Amino acid sequence: MRDRIKTPSGLLLRPWCGCDVEAVLAAFVEPAMRRQVVEPINSVAAAPRWLSEREESWSAGSAFAFAVVGTDGVVLGNVQVGSLSRRHDTGWVSYWTTASARGRGVASSGCRALASWAFQGLGLFRLELGHRANNPASCRVAQAAGFAVEGLQRQKLVYDGVRYDVELHARLSTDPGPQV
């Protein structure tokens, strides 16, 4: 199973490593990014724990997280497939990008590459993802990566005491590839 994936746009997907502590700390300094994790990543001790969890999940075969890296070697984001069901050949995709990478196609390019890898390398048949319904940028990422809208999960998430609807998307291995 490959652990390094080049995208047509020149991005590299690679496993997270110990050398990414500063990139992780910088990414999670944003208030919006704090919602992406259970434990705040706001210290030099927290970032290695986050990285270690990614490595342990990879080793266990339960989730596969990739740092999305630009041509200059700078970490631009994360794409991951987790919540794997080997019985049903399904997985859950998640993604985030750094503030400087947003709006540049990094997340959609990374998700397209991750989906191809998950279908071919892991033998998955169905990938799902969800985003807050009030996040049109995340919806554009999902659609650009070939994930079709399947429905609305009402008031699924709660942040700061406010409930949010989640729009569910999915992509099958038999779906035609997204138009790039």
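Which residues are buried in α2? Before I answer, please keep in mind that this is a predicted model, in which local features need pLDDT of at least 70 and side-chain atom pairs count only at pLDDT 80 or more, while totals for chains, interfaces and linings use all residues. Residues are numbered from 1 along each chain as its sequence is written, and side-chain values use heavy atoms, with hydrogens and water left out.

The buried residues of α2, meaning those under 20% relative accessible area with a 1.4 Å probe and protein chains only, are A46, A47, W50, L51 and R54. They sit on the same side of α2, because they cover an arc of only 145° around the axis, taken from the directions from the helix axis to the C-beta atoms. The face turned away from that buried side carries E55, E56, S59 and A60, which are exposed, that is, over 50%.

Let me turn to the rings, which count as a pair if the centres of Phe, Tyr or Trp rings (for Trp, the six-membered ring) lie within 6.5 Å, with planes under 30 degrees apart called stacked, over 60 edge-to-face and the rest tilted. By this rule there are 11 aromatic pairs. One of them, F28 with W96, is edge-to-face, at 5.2 Å centre to centre and 70° between the planes, and both residues are buried.

W50 brings us back to α2, since ring pairs link W16, F28, W50 and W96 into a cluster. The charged end of R54 sits over the ring of W50, 4.3 Å from its centre, where the rule asks for NZ of Lys or CZ of Arg within 6 Å of the ring centre and within 35 degrees of the ring normal.

Methods:
Helix = DSSP H or I, 4+ residues; strand = E, 2+ residues; numbered from the N terminus.
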